[in-house]
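Reader: I would like a close look at a single part of this model, set against the chain as a whole. Please take it step by step.

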Amino acid sequence: GQTSSAACQACPPGKTNPITGQTRSAACQACPPGKANPVTGSSNPDDCRACSAGLVAAASGTTFCDRCAAGKYQANEGEQACDDCEPGSYCPKGATVPLPCKQGTYSNETGLGSAGDCKPTTPGFHAPTGSTQQTKCSPGTFQPVAGKAECDKCAAGKYQPFSGGSE
């Protein structure tokens with residue numbers, strides 16, 4: 001037989017080995033995608049923990065879950081990829097849900113990373129929270145200011161017969 005004074009080697013982070021008496025590094029099993037294990041020498045497959053919402057593990061054998069990039073989100077645990085942020089909303093880094101564009105702003109694009117990426121409405125238009133487009137003020141209303149949630153009604157004794165009134 002071969003004699004050696006080598007100690008038993010620990011499985012690296014991202015892997016586990018629940019079986020005793022193993023002779024090869026291949027005995028260390030990689031955590032599946034969507035899970036991560038930061039522990040060295042882990043013997044329990046349960047140490048491979050599902051990534052929390054807002055975090056993902058794309059590959060097997062992951063040590064730590066990665067935060068979703070700005071413009072993306074992940075609502076579920078144990079996922080491998082982040083989803084594009086939806087129109088009318090924005091997603092900061094690590095988002096678990098899309099956050100709606102605030103009133104007076106809108107966006108029809110996917111992948112916005114911050115509230116500042118939502119566009120302000122132009123005069124003559126309005127947009128409620130989470131809008132994908134700005135809406136023209138209806139006849140009898142007006143909006144002289146950009147970035148507003150709603151249009152103002154014409155005062156008594158005045159009228160405005162057109163859509164998109166700004167004065």
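Which residues does S131 touch, not counting residues up to four places away in sequence?

Author: In this predicted model, S131 touches G88, T105, Y106 and S107, once residues up to four places away in sequence are left out of the count. S131 itself is found in the loop between β13 and β14, and its relative accessibility is 9%, which is under the 20% limit, so S131 counts as buried. The side chain of S131 also has a polar partner within the chain, since one of its polar atoms lies 2.6 Å from the backbone oxygen of P128.

The loop that holds S131 also holds Q134, and the strands on either side of Q134 are β13 (125-126) and β14 (135-136). Q134 has a relative accessibility of 19%, and because the limit for a buried residue is 20%, Q134 counts as buried as well. The side chain of Q134 reaches the backbone nitrogen of T122 at a distance of 2.8 Å, and T122 is also listed among the residues that Q134 touches, together with Y106, T121, F125, H126 and A127, again without residues up to four places away in sequence. Y106 therefore links the two descriptions, because S131, buried at 9% relative accessibility, touches Y106, and Q134, buried at 19%, touches Y106 too.

As for the setting of this loop, the secondary structure of the chain comes to zero helices and 16 strands. The radius of gyration is 27 Å, well over the 15 Å that the globule rule gives for 167 residues, so the chain is more spread out than a compact globule. The C-alpha trace spans about 105 × 20 × 15 Å along its principal axes, and, as one example of separation within it, S131 and G61 are 41 Å apart from C-alpha to C-alpha while being 70 residues apart in sequence. Buried residues make up 30% of the 167 residues, and among contacts between residues at least 6 apart in sequence, 40% join residues at least 24 apart.

A last feature of the chain is its largest pocket, which holds about 360 Å³ of space. Its lining consists of 19 residues, of which Q9, A10, C11, N17 and Q22 lie nearest the centre of the pocket. Sorted by class, that lining has seven nonpolar, 10 polar and two charged residues.

Key: Residues are numbered from 1 along each chain as its sequence is written. This is a predicted model: local features need pLDDT of at least 70, side-chain atom pairs count only at pLDDT 80 or more; totals for chains, interfaces and linings use all residues. Side-chain values use heavy atoms; hydrogens and water are left out. Helices (H or I, at least four residues) and strands (E, at least two) are DSSP runs, numbered from the N terminus. Buried means under 20% relative accessible area, exposed over 50%, partly exposed in between (1.4 Å probe, protein chains only). A polar contact is a pair of N or O atoms within 3.5 Å; within protein, one must be able to donate a hydrogen and the other to accept it, and residues adjacent in sequence count only if both atoms are side-chain atoms. Contact means heavy atoms within 4.5 Å. On a 1 Å grid over the protein atoms alone, a cavity is a set of points where a 1.4 Å probe fits but cannot get out, and a pocket is an open set with protein on both sides within 12 Å along at least five of seven lines; lining residues have an atom within 4 Å of a point. Grid points are joined across faces, edges and corners, and a volume is the space filled by probe spheres set on the points. Ala, Val, Leu, Ile, Met, Phe, Trp, Tyr, Cys and Pro count as nonpolar, Asp, Glu, Lys and Arg as charged, and the others, Gly among them, as polar. The radius of gyration is taken over C-alpha atoms; the globule rule is 2.2 Å times the number of residues to the power 0.38.
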